[in-house]
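Me: I would like a close look at the cysteines in this protein, and at the local backbone features worth knowing before I go back to the bench. Could you walk me through them in one go?

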Amino acid sequence: MGIWVKLPCYSGLVLLFLFLELLLEAQAGKVRYSVPEETDEGFVVGNIAKDLGLQPQELSEQGVRIVSRGRTQLFALNPRSGSLVTAGRIDREELCAQSERCLVSFNILVGDKMKLFPVEVKIIDINDNTPQFQLEEVKFKMNEITTPGTRIPLPFGQDLDVGVNSLQSYQLSSNPHFSLDVQRGADGPQQPEMVLQSPLDREEAAVHHLLLTAYDGGNPVHSGTLRIRVQVVDANDNPPAFTQAQYHISVPENVPLGTRLLIVKATDPDEGANGEVTYSFHNIDQKVAQIFQLDSYTGEISNTEPLDFEEYKIYPMEIQAQDGAGLMSRTKVLIKVLDINDNAPEVTITSVTTAVPENFPPETIIALISVHDQDSGDNGHTICSIPGNLPFKLEKLVDNYYRLVTERILDRELTSRYNITVTATDQGTPTLSTEMHILLQVTDINDNPPAFTQDSYSTYISENNPRGSSIFSVTAHDTDSDENARVTYSLAEDTIQGAPVSSYVSINSDTGVLYALQSFDYEQFQDLQLRVTAHDSGNPSLSSNVSLSIFLLDQNDNAPEILYPTLPTDSSTGVELAPRSAEPGYLVTKVVAVDRDSGQNAWLSYRLLKASEPGLFAVGLHTGEVRTARALLDRDALKQSLVVAVQDHGQPPLSATVTLTVAVADSIPDVLADLSSLESPANLSDTSLTLYLVVAVAAVSCVFLAFVIVLLALRLRRWHTSRLLQASGGGLAGLPASHFVGVDSVQAFLQTYSHEVSLTADSGKSHLIFPQPNYADTLISHESCNKNDFLSAPQSLLEDKKKTFPQQAPPNTDWRFSQAQRPGTSGSQNGDETGTWPNNQFDTEMLQAMILASASEAADGSSTLGGGAGTMGLSARYGPQFTLQHVPDYRQNVYIPGSNATLTNAAGKRDGKAPAGGNGNKKKSGKKEKK
């Protein structure tokens, strides 16, 4: 009954100790479990969710996971049951070797709270290993004089299990000479020794075979055997003796391979083979035997593999010396390994965020970092750091854990990605460090509008550009990324000359390339002002705009336009007249042309392209004046055909040609005699003329012949009238009024007179303008009257002429052309025959304006410039043959200062009406002629 009283007391003490142990564990803050080794995968270790105060479903919701330092994961979490289970087979011997206590430590990370819970799992050993000897057989030599009681140490067995499952006992096979004695050493393992019980007799038994068996204490019991062979030799009375009972040495762990670490020395005073000593390892761990090498003759110990302080701090080994007769002695060697700083810190990124928006607040957690160093002492103390120029900082947690957080708001436009270098440094000598890189991408928000590369753009394009051609490109950049940086382009709404800008120019919304929707004309407008808008694709969308000026460049797209002479519209032929008495340099006519282009494209030059009589006429390069190059000869033909080319200075140059017909004659009869030669020749190659055309030509020839006869009769009458006027002293009455013009402040008579003769009843169809020289400083002699007696025409012919053609009005003395005011480039101060051109566009346009003004004068039938109808007012300078009957009307009404005349449309003249001012000065002009 007393036993029953004591048992509750004993149970109470056990419960008290268990309570204290749980209390200490709670204070330590660790969760402890135990699990047998060699269990299957998925074996439940414990309910971790319950121990952490969580529900099973919260394991996955809060991101609970296991973090361990530098080893394979042995355990896993079951999110359904909330249990901690094994991740695979666990071998206690592999994890803890011979350690009695085998613990696996790791941490449980609660992701949302960033909180760590340490967990410790004890691995319980099972009897899964059998005792083993390092050798399968050992051999001994014993002298037959060996005294009983001699002890022979035997190799001990090894069992990787611990506790009761480890090696527990030895047994030696039965032999009359030997017995087994097991000694327990100070450091723990049992030392089996074979004891000689009775003297050996070599003659009785030269060799003894024994079997040593080692047993463990597991259930079932496992065992291992070692064969022992004992050879009996003759007597050897001196065993080898070591110089030291125990050898000690300290070496650094980074000692090179093959280094001689230690030499053991044993001596034997015997002679011969009995004194020859050999060395061997005895009772050494198998791993240690692989690391070190022992020279059996010299006793030199060297390393064949690197030493590792983290694996073994001291390498124990036993060296046996045996002479040739079999006597042995042993000594112990302890090799101490000195730690050096040969292990750099290990950095493990436990949890990391790879991307954060640029507007995230400070203190945002980026990563959880673990640092560990396998070295000891100062070599194992670590410091973790990051560069100081980054907007991040490290905060230290427990157990060498750190967390990386943001220090301020990030800006993706300044830095879009960070390469954060985490450096772990130990305190050893020399210092070792490890770097770990964390790549962090800063994601974009739309906080930047597109920006053009320039504040404004301008470009120059040539006119007549093809439709749809690319004319310019604008580029805007958005410092944001992805959709926030995708820029689209558009044109702001505007109008150009009343039309929307979209009808002139379009823009590619993706590339910013502008295209011309129509061909531009420099003569229509010279520039376009646009505004381009760039939008990004962010939400909300941001935009910016820029101005674009497009300036047109003139191209040489207008050929010169010839104002005079023009092709008649009534099928008549215009003829320029030159007297045979004309001196070299005589002005026959002038070609007037304009170009609608500007600048160099409008600079004109004239040249004689073709002439029926080469060398007879010359054309002014810049004036267009057709002058005689030499004196006219009798052999020169009456009809001279000239082709004058007008060319601008554009690239490529454009040109126009005009054909002039110059009649060379001294009198009207000479002209009439060869008048038929002035008609345009028929196309002889046309073989398709009908009989009606032949009859019509014959009839016209007959009419022309009759007209010539009538004209000769009228000529005789005029000649007779002129003789009568000379006889009465009024020889000058038949001459028309002299025309004066101011040239360099000197008055002179015109060199020619203007005569118009109707060749048919319809005077509008054909007319002839013939020049006749006149001189102001001489009187007309009788010979000259005889030479030019055709001027004294009968009065009836003169009256018919007045009816047919309007009388020329006298010149208006207020309107005179100076050298600088003459039409065309001949009046330009800058123009000369040497090829000098106006040096700027303004002078060129001024010349064009003067030419147009002269053309307007030619188109006005009521002008009082003294040139008569259709002479452009230039007959006083160039002679009456300078007519512009068919010049188009370039001006409607022009007021001329100093004159009472107004330039109007010449339609009345073309309709056969006489000019308004033609009769006003007729009488006054006649009086001046008589004087």
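Reply: Here is a walk through the cysteines, then one sheet, then some loops. Please keep in mind that this is a predicted model.

Let us start with the disulfide. The structure holds one, and its partners are Cys96 and Cys102, with 1.9 Å from S to S. In general terms, such a link is a covalent bond between the sulfur atoms of two cysteines. The link of Cys96 and Cys102 is right-handed, with 70° about the S-S bond.

How accessible are the two ends, buried or exposed? Cys96 has 13% relative accessibility and so counts as buried, because the cut-off for buried is under 20%. Cys102 is buried too, with a relative accessible area of 0%.

Two further cysteines deserve a word. Cys384 counts as buried at 10% relative accessibility. Cys702, in contrast, has 53% relative accessibility and therefore counts as exposed, as the limit for exposed is over 50%.

Cys384 also leads us to a sheet, since strand 27 covers residues 382–385. This strand belongs to an open sheet of four strands, with mixed pairing and the order 25-31-30-27. Strand 25 and strand 27 stand at the edges; each has a single partner strand, so one side of each is left without a neighbour in the sheet. From one strand to the next, the twist averages 25°. Strand 27 and strand 30 (residues 417–426) run antiparallel and are joined by four bridges. Within this part of the sheet, Ser385 stands opposite Thr423 in strand 30.

Strand 25, at the other edge, takes us to the loops. Residues 355–357 form strand 25, and the loop between it and strand 26 (365–372) holds Glu363. Glu363 is not a glycine, yet its phi is positive, at about 65°. Its relative accessible area of 42% makes Glu363 partly exposed.

Asp482 is another residue of this kind: it is not a glycine either, and its phi is a positive value near 55°. You will find Asp482 in the loop between strand 35 (476–477) and strand 36 (487–491). With a relative accessible area of 67%, Asp482 is exposed.

Ser469 offers a buried example from a loop, with a relative accessible area of 19%. That loop runs between strand 33 (456–462) and strand 34 (470–473). What does Ser469 touch, leaving aside its neighbours within four places in sequence? Ser469 is in contact with Leu514, Tyr515 and Ala516.

Finally, have a look at two prolines. Asn539 and Pro540 are joined by a cis peptide bond, and omega is about 0° there. Pro540 sits in the loop that lies between strand 41 (527–536) and strand 42 (543–553). A cis peptide bond also leads from Tyr564 to Pro565, this time with omega near -10°. Tyr564 is the last residue of strand 43 (561–564), and Pro565 lies in the loop between that strand and strand 44 (576–578).

To bring the cysteines together once more: Cys96 and Cys102 form the disulfide, Cys384 is buried, and Cys702 is exposed.

Conventions:
Residues numbered from 1 in each chain as written. Predicted model: local features only at pLDDT ≥ 70, side-chain atom pairs only at ≥ 80, totals over all residues. Heavy atoms only, no water. Disulfide = S-S within 2.5 Å. Buried < 20%, exposed > 50% of the residue type's maximum accessible area, 1.4 Å probe, protein only. Helix = DSSP H or I, 4+ residues; strand = E, 2+ residues; numbered from the N terminus. Contact = heavy atoms within 4.5 Å. Pairing = 2+ DSSP bridges. Axes fitted to C-alpha atoms, helices over the stretch in contact; angles between N-to-C directions.
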